[in-house]
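Grab a coffee and work through a few short exercises on overall fold and packing. Try each task before you read its solution.

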Amino acid sequence: MRYARFEKDGTIACGIVEGDIIKVIAGEILGGGAPTGETHALDSVQLLPPIIPETFYAAGLNYVAHIKEQAESRGAKPNIPEKPDIGYRANNALIGHNETIVIPKDATDLVEYEAELVVVIGKQAKYLSEANALSCVFGYTIGNDVSERTWQRGDRTFWRGKNADTFKPMGPWIETDLDLDSLETTVRLNGEETIRFETNNMLFGVERYISAMSQYLTLYPGDVIWMGTEGKSPQMKHGDVCEIDITGIGTLRNPVVREGH
């Protein structure tokens, strides 16, 4: 089932996506709200980030080719992690499907995307094993981890290189019925495919991450975990359109503008 959060005529609501319509539900997505009987054409609403997380987690380097590419760009030897590492991102950076990524006017040209599978937590969880880690998962969506690389490398934290407003597109909805092993991620920049990879070909999979995190952190309904990306990410510039497609979920599309244009 696909759950979306959307705005229509100034009102924010949630609904179930079926084909080209959205069936409004009562309350929030994780509240188990029943359909109200109201429907809208999908193209008549503005899709929003499907959930605003209580805590916004992001996996560290989690695909081998991406780790090697990042090391090569710095002229360094690849350092393959031996265990899952988790970081945090900021809700202010979230935008939805078809919303605009805004590059700050003083940013350099080193602005890149990263296509990521996003895990949405549906149940409070602590001390999970890998075998039962997926028991707390509500569903999955798509994230675009936009990064200003000069800021990312030059600042002491990721506060603006990763978390500037609009730098975290997420959507278009949450898919609850998904086979992780069957997924493929495809990215297109201005309609041209730039990378394609097996989504679940991670250094540490969803089960491993959730289990490792839950030994120290309580996961709560609405938390999200962005699972990292593969390969090299070309730069984005003013006027570009970035599309990320993950099999079984859909496509997250966002145009790009530079502030001041």
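Here come the ground rules, then three exercises with solutions.

This is a predicted model, with pLDDT of at least 70 needed for local features and 80 or more for side-chain atom pairs, while totals for chains, interfaces and linings use all residues. Residues are numbered from 1 along each chain as its sequence is written, and side-chain values use heavy atoms, leaving out hydrogens and water.

**Exercise 1.** Work out how the radius of gyration of the chain sits against the globule rule.

*Solution.* Start with the rule: 2.2 Å times the number of residues to the power 0.38, with the radius taken over C-alpha atoms. For 261 residues that gives 18 Å, and the chain comes in at 18 Å, so it's as compact as a globular protein of that length. Next, put a box along the principal axes: the C-alpha atoms fill roughly 60 × 50 × 30 Å.

**Exercise 2.** Find what share of the residues is buried.

*Solution.* Set the cut-off first: buried is under 20% relative accessible area with a 1.4 Å probe, protein chains only. That applies to 52% of the 261 residues.

**Exercise 3.** Track down the best-connected members of the largest nonpolar core.

*Solution.* Take buried Ala, Val, Leu, Ile, Met, Phe, Trp, Tyr and Cys, joined through side-chain atoms within 4.5 Å. The largest such set has 58 residues, and Leu117, Val119, Ile210 and Met236 touch the most other members. Now zoom in on Ile210: skipping neighbours within four places in sequence, its contacts (heavy atoms within 4.5 Å) include Val119, Leu128, Cys136 and Ile225. A second, separate core holds 15 residues, among them Cys14 and Ile174.

Definitions and conventions: Buried < 20%, exposed > 50% of the residue type's maximum accessible area, 1.4 Å probe, protein only.
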